[in-house]
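Hi,

Here is the structure I promised to pass on. Have a look at it first, and my notes follow underneath.

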Amino acid sequence: MSARVVSVSALLSRLKNLIAQNVILDGIWIEGEISDLTKHRSGHYYFSIKDARSEMSCVMFASYVSRLRFDVQEGMKVLVSASVNIYEQRGSLQLYVRSMRPAGIGELYLEFEQRRKLLEEQGYFDDSRKKAQPAWIGNIGIITAREGAALQDVLITLQQRWPMMKVTLYPSLVQGQNAPASLIRALKQADAKGHDALLLVRGGGSFEDLFCFNDVGLVKTIASLKTFIVAGIGHEVDTTLAELAADVRVATPTYAAQHVSRDQYEVRQRIAGMQALMTDTMQAMLRQDQRLLATYKNNPYLRDPLTWIIEKQLRLDQLDAQMQHAMARTMNEANTREQALKNELYSHSPAHTLEKHRLALHGMQERLRQSVRVYTDSKKEQLRRQAALLNACSPLQILSRGYSIVLHDDHIVSSVEMAEVDEKVTIRMQDGLLQATITQKEKSNG
């Protein structure tokens, strides 16, 4: 009989169908520890979930990862809801995770994370809205259980550190379903009493026991308080939403008491130091005042005030004389300066300028008239000489000596060649004219 041969892929496909049809994990949560966690850039998570004996490969696709309410970390214990299948390419059995939550507290932890995220987005944990601690705290209110260990821790700490602290208890439930409403009533009652500070405290407990301090209404009430509030709930590793909303969060109730109280021994030491400092300061001031008093006693003016007054009066008279002399000198200098300014102003005044120019013009006119007279006399003398010279050269002067001038056609006849016989000529004499006719002309040899 021949053997039946199948391929690897065919075998894996058949096994995959068998598992899908027969292994149903709906309603089952698988518990284990995260190992070999890889957060792919695509958004998928690849990891293994294991316990002390076994380990299985897991994949959680991005669409399911986006629904997670917490940050998945290596080594974390979780509960996963998944289906089982075979990855055919490698022939490996895998869990396809649809949902995941932390192991142990489960849904309660998810509820805590959801509230924390919502309140944080609304600003209830912002440092900007928290109140500053008062400089002096002498009156506090405590909100806690009347019979709880937290109250005793606070009271013992206050008794050791600052026994004069005024303390008022506002008892409240600190665990259970009715605790949030009880805490809110106690906080509002304490806030109305005008305390310097409030302490919200509770001893350690499980996450479930402390969950009442994660109430949203309680957080909003703490944020609305007018009084400075310190929260110390559980142990150092515990964190509640009420602590995050408080003005100051401390690890334990004991630390809360320490935070709002002073150490009486330290204060006593400080007071003793301040007392010693004040004593030394007062003694130094007394010594300084004693030296000053001795100086006053030895002051001659204080021994004989009348002499001091006379000396001051003499000095005052001397200063008054100096002042009068200085004022007179200043007035003289001012008057001299004023006169100089007046003279300078007058020298630049239009009237002075016009007078100066008028005098200059008058002088120029006088010099001009003198120059005209000199020039006229000079020209008259020159004219007289020229007239005498001209008169000496005048034909009329020659005629007066018996000479005459022959004219022909208004031209002087200076040669016999210029006139002909029978032509009429005019003879100009000293005292008149003669009309003549040439009857004969004779030319001399000379």
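Below is what I found, going sheet by sheet and then on to the helices and the surface.

One thing to keep in mind throughout: this is a predicted model.

Let's start with the parallel sheet. It is open, has five strands and runs in the order β7-β6-β8-β9-β10. The edge positions go to β7 and β10 (248-249), and since each has a single partner strand, one side of each is left without a neighbour in the sheet. Where β6 and β7 meet, they pair in the parallel sense over six bridges, and T144 stands opposite P171 in β7.

Helix α5 (residues 179-191) belongs in the same part of the story. Its buried residues pack against β6 (139-144), β7 (166-171), β8 (197-202) and β9 (229-233), and also against α6 (216-224). The buried set in α5 is A179, P180, S182, L183, I184, A186, L187, A190 and D191. I also checked the helix length: with 13 residues at 1.5 Å a residue, α5 should span 18 Å, and its end C-alpha atoms are indeed 18 Å apart, so the two agree.

Next, helix α4 (residues 149-161), where two residues caught my eye. V154 is found in this helix and counts as buried because its relative accessibility is 0%, with the cut-off being under 20%. Setting aside residues up to four places away in sequence, V154 touches I142, L199, V201, P253 and A257. How far apart are the C-alpha atoms of V154 and A419? They are separated by 177 Å, with the two positions 265 residues apart along the chain numbering. T157 lies in α4 as well, and at 7% relative accessibility T157 counts as buried. Outside its neighbours within four places in sequence, T157 is in contact with T254, A257 and Q258.

Now for the antiparallel pairings. Strand β1 (residues 30-39) pairs with strand β4 (residues 77-87) in the antiparallel sense over four bridges, and G32 stands opposite V78 in β4. β1 also pairs with strand β2 (residues 45-50), again in the antiparallel sense, over five bridges; here E33 stands opposite K50 in β2. β1 and β2 make a hairpin with five residues between them, and G43 in the turn has a positive phi of about 105 degrees.

There is also an open sheet of four strands, ordered β12-β11-β13-β14, with antiparallel pairing. Its edges are β12 (411-412) and β14 (433-437); each has a single partner strand, so one side of each is left without a neighbour in the sheet. Strand β11 (residues 405-408) pairs with β12 in the antiparallel sense over two bridges, and L407 stands opposite I412 in β12.

Last, the surface. Y301, L306, W308, I309, I310 and L314 form a nonpolar patch there, with about 600 Å² of accessible area together. Which helix gives the largest share of the patch? That is α11 (residues 305-347), with five residues. L306 has its place in α11, and is L306 buried or exposed? With a relative accessible area of 57%, L306 is exposed, because the cut-off for that is over 50%.

Have a look and tell me what you think.

Cheers

Definitions and conventions
Residues numbered from 1 in each chain as written. Predicted model: local features only at pLDDT ≥ 70, side-chain atom pairs only at ≥ 80, totals over all residues. Heavy atoms only, no water. Patch = residues over 30% accessible without salt bridge, like charges linked within 9 Å, V, L, I, M, F, W, Y side chains within 5 Å. Areas by Shrake-Rupley, 256 points an atom, 1.4 Å probe, with all protein chains shown as cover. Salt bridge = Lys/Arg side-chain N within 4 Å of Asp/Glu carboxyl O. Buried < 20%, exposed > 50% of the residue type's maximum accessible area, 1.4 Å probe, protein only. Pairing = 2+ DSSP bridges. Expected span 1.5 Å × (residues − 1). Contact = heavy atoms within 4.5 Å.
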